[in-house]
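Grab your viewer and work through a few exercises. Each one sets a task and then walks through a solution.

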Amino acid sequence: VPPPYFESINITLRTYNLEASITKWIIENLKGRFYVGNTTELDSNNQFAKVIKVAFEDPKELSFFTLACPHLKYK
């Protein structure tokens, strides 16, 4: 579980290795502390959906991640 002061984003799980790919990209491109883990949330149809929670200690790194990570661009 990420600390409460981390800024986070939830990403819908689309491919089987998305979590590993995101973790590798973060390690190669960012410097601060982060959290990546699986969780569930309610989607727009009130159904449970598996998502990946990605959280960063520095809010600037979350902004850079959402803009630059190529794994978020494809649906």
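## Exercise 1: Glu-7

Find the element that holds Glu-7, then describe its exposure and its contacts.

Step 1. Glu-7 sits in strand 1 (residues 7-12); helices (H or I, at least four residues) and strands (E, at least two) are DSSP runs, numbered from the N terminus. Before going further, a note on the ground rules: this is a predicted model, in which local features need pLDDT of at least 70 and side-chain atom pairs count only at pLDDT 80 or more, while totals for chains, interfaces and linings use all residues. Residues are numbered from 1 along each chain as its sequence is written, and side-chain values use heavy atoms, with hydrogens and water left out.

Step 2. Glu-7 has 38% relative accessibility and counts as partly exposed (buried is under 20% relative accessible area, exposed over 50%, partly exposed in between, with a 1.4 Å probe and protein chains only).

Step 3. Leaving out residues up to four places away in sequence, Glu-7 touches Val-54, Ala-55, Phe-56, Pro-59 and Leu-62, where contact means heavy atoms within 4.5 Å.

Step 4. For a distance check, take Glu-7 and Pro-70: they are 63 residues apart in sequence and 20 Å apart in space, C-alpha to C-alpha.

## Exercise 2: Val-54 and the core

Is Val-54 buried or exposed, and which residues does Val-54 contact?

Step 1. Val-54 belongs to strand 3, which spans 48-56.

Step 2. Its relative accessibility is 0%, so Val-54 counts as buried.

Step 3. Ignoring neighbours within four places in sequence, Val-54 is in contact with Glu-7, Ser-8, Ile-9, Ile-11, Ile-22, Ile-26, Tyr-35, Val-36 and Phe-65. The C-alpha atoms of Val-54 and Phe-65 are 9.5 Å apart, with their positions 11 residues apart along the chain.

Step 4. Now zoom out to the largest nonpolar core, which has 13 residues. Such a core is a set of buried Ala, Val, Leu, Ile, Met, Phe, Trp, Tyr and Cys residues joined through side-chain atoms within 4.5 Å. Ile-22, Ile-26, Val-54, Phe-56 and Phe-65 have the most contacts inside this core.

Step 5. Helix 1, strand 3 and helix 2 are the elements giving two or more residues to this core, and helix 1 supplies the largest share, 4 residues. In soluble globular proteins, nonpolar side chains tend to be buried together.

Step 6. Pick out Ile-22: beyond four places in sequence, Ile-22 touches Ile-11, Val-54, Phe-65 and His-71.

## Exercise 3: Two helices crossing

At roughly what angle do the axes of helix 1 and helix 2 cross?

Step 1. The axes of helix 1 (residues 18-29) and helix 2 (residues 59-68) come within 12 Å and cross at roughly 120°. Axes are lines fitted to C-alpha atoms, for helices over the stretch in contact, and angles run from 0 to 180 degrees between N-to-C directions.

Step 2. That makes helix 1 and helix 2 oblique to each other (under 35 degrees counts as roughly parallel, over 145 as roughly antiparallel, 65 to 115 as roughly perpendicular, and the rest as oblique).

Step 3. The residues making this contact are Ile-22, Trp-25, Ile-26 and Asn-29 from helix 1, with Phe-64, Phe-65 and Ala-68 from helix 2.

## Exercise 4: An unusual phi

What is the sign of phi at Asn-46, and where is Asn-46 placed?

Step 1. Asn-46 is not a glycine, yet its phi is positive, about 60°. For comparison, most residues other than glycine have a negative phi.

Step 2. Asn-46 lies in the loop between strand 2 (34-42) and strand 3.

Step 3. Asn-46 is exposed, its relative accessible area being 59%.
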